[in-house]
Amino acid sequence: MMDWTDRRCRAFHRALSRRARLYTEMVTADAVVFGPRERLIGFDACEHPVALQLGGADPHRLAEAARIGADFGYDEINLNCGCPSDRVQSGRFGACLMRAPDLVADGVGAMTAAVRVPVTVKCRIGVDDQEPREALFSFARQVKAAGAAALVVHARKAWLEGLSPKDNRTIPPLDYPLVYELKRAHPDWPIILNGGIASIAEAREHLDRVDGVMLGRAAYQNPELLLDVDREIFGEAPPFPDSFAAIEGFLPTIARGLARGERLHDYTRHLTGLFPGRPGARLYRRTLAAEGVRAGAGLEVLRAAAAQIGRQTALAAE
């Protein structure tokens, strides 16, 4: 979810669910150690529980980055071994690490020795010509032995040779039963399922067989899904009753950002997926796209965009 789940996105998603665990976009260990840390991994206290997702392959550098993340206050450090992007392939990390479970185990061991918060791993079921069951089960055994507190499995292979990163999100077939089998083999170890889950109803079905479910693009492209998480999964009321109230509750966060010199679009680009299929949704998106990017755009633009939904809904009712 690089370039998507930044701190502004996460702050809004927290307004939709108190209980869902939020993950940062993947940040390389080198960037954490040598780059502008506050800009890259700074976050608001409202985001808890929140995990820092790292990319990298050098155990010592990963340990250093994990220590920095823990000092920032993250609740979890996650090592990404599933991303198939061109960037990670050139750096020989991400999904490439499915071919190097020994190296991943070394990295997990170094990270767990460096921090007290849980260290977890996210992976695929294999890459390229690997046999999925053999690759996944061997990988899981080694990272578990190294101290990984949980494993998040995107239930697709990654084809690093022959498919684009975009195609890798949809073309390789999903194999949920293989992940269920992995869970049965490790009843004492949390296994979280990822990949292709489009609704809270689907998530609940998977939760009968695994310990957790991770939503990525579905939650970003339709954030209203998150309004059902607390009620449907945890039996608790959501922070706000609907998206209109969530927007109003999010306005003070946007106002503080605007006061720091940030742009309205930095925030509203994460809200365009609200109100899917409702009368006025197109006008809502059009208003944000046309007016939210202008210099000096303020909260009135977001309020005017949201009003398109209420106005069009009223007209439809008439």
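In this predicted model, Cys81 of strand E4 has Cys123 as its bridge partner in strand E5. The two strands, E4 and E5, run parallel and are paired over 5 bridges. Strand E4 is mostly covered, with 6 of its 6 residues buried. Its side chains alternate in direction. Glu76, Asn78 and Asn80 point one way from E4. Ile77, Leu79 and Cys81 point the other way. Residues of both sets are buried.

On to strand E3. Strand E3 spans residues 50-55, and strand E4 spans residues 76-81. They are parallel, and 4 bridges join them. One pairing sets Leu52 of E3 with Ile77 of E4. Between these strands comes helix H4, residues 59-72. Together E3, H4 and E4 form a β-α-β unit, and this unit is right-handed.

Strand E3 is also mostly covered: 6 of its 6 residues are buried. Val50, Leu52 and Leu54 point one way from the strand. Ala51, Gln53 and Gly55 point the other way. All of these residues are buried.

Strand E3 has further parallel partners. Strand E1, residues 22-23, pairs with E3 over 2 bridges in the parallel sense. Here Leu22 has Val50 as its bridge partner in E3. Strand E2, residues 27-28, is likewise joined to E3 by 2 bridges, and these strands run parallel. In this pairing Thr28 stands opposite Gly55 of E3. Val50 thus has a role in the pairing with E1 as the partner of Leu22, while Leu52 is matched with Ile77 in E4.

The loop before E3 holds a cis peptide bond. This bond joins His48 and Pro49, with omega at about 0 degrees. Pro49 lies in the loop between helix H3, residues 37-41, and E3.

Helix H1 covers residues 7-14. It is mostly covered, with 7 of its 8 residues buried. The buried residues include three arginines, namely Arg8, Arg10 and Arg14. Cys9, Ala11, Phe12 and His13 are buried in H1 as well. The buried residues of H1 pack against two strands, E1 and E3. They also pack against the helices H10 (217-221), H12 (243-259) and H13 (264-268).

Next come two packed helices. The axes of helix H7, residues 132-145, and helix H8, residues 176-185, come within 11 Å. They cross at roughly 35 degrees. The crossing of H7 and H8 is right-handed. From H7, the residues in contact are Pro132, Arg133, Leu136, Phe137 and Ala140. They meet Leu178, Glu181, Leu182 and Ala185 in H8. By class, this contact has 7 nonpolar residues, 2 charged residues and no polar ones.

Two residues with positive phi follow. Asp128 is not a glycine, yet its phi is positive, at about 50 degrees. Asp128 sits in the loop between strand E5, residues 119-123, and helix H7. Its relative accessible area is 7%, so Asp128 counts as buried. Phe275 is not a glycine either, and its phi is positive at about 65 degrees. Phe275 is found in the loop between H13 and helix H14, residues 281-291. Because its relative accessibility is 0%, Phe275 counts as buried.

Helix H15, residues 299-317, contains Gln308. Gln308 has a relative accessible area of 16%, and buried means under 20%, so Gln308 is buried. Its contacts, leaving aside neighbours within four places in sequence, are with Pro279, Gly280, Leu283, Tyr284 and Thr287.

Note on methods: Residues are numbered from 1 along each chain as its sequence is written. This is a predicted model: local features need pLDDT of at least 70, side-chain atom pairs count only at pLDDT 80 or more; totals for chains, interfaces and linings use all residues. Side-chain values use heavy atoms; hydrogens and water are left out. Buried means under 20% relative accessible area, exposed over 50%, partly exposed in between (1.4 Å probe, protein chains only). Two strands pair if DSSP finds at least two bridges between them. A crossover is right-handed if, with the strands pointing away from the viewer, the path from the first strand over the helix to the second runs clockwise. Axes are lines fitted to C-alpha atoms, for helices over the stretch in contact, and angles run from 0 to 180 degrees between N-to-C directions. A crossing is left-handed if the near helix is turned anticlockwise from the far one by less than a right angle, and right-handed if clockwise. Contact means heavy atoms within 4.5 Å. Ala, Val, Leu, Ile, Met, Phe, Trp, Tyr, Cys and Pro count as nonpolar, Asp, Glu, Lys and Arg as charged, and the others, Gly among them, as polar.
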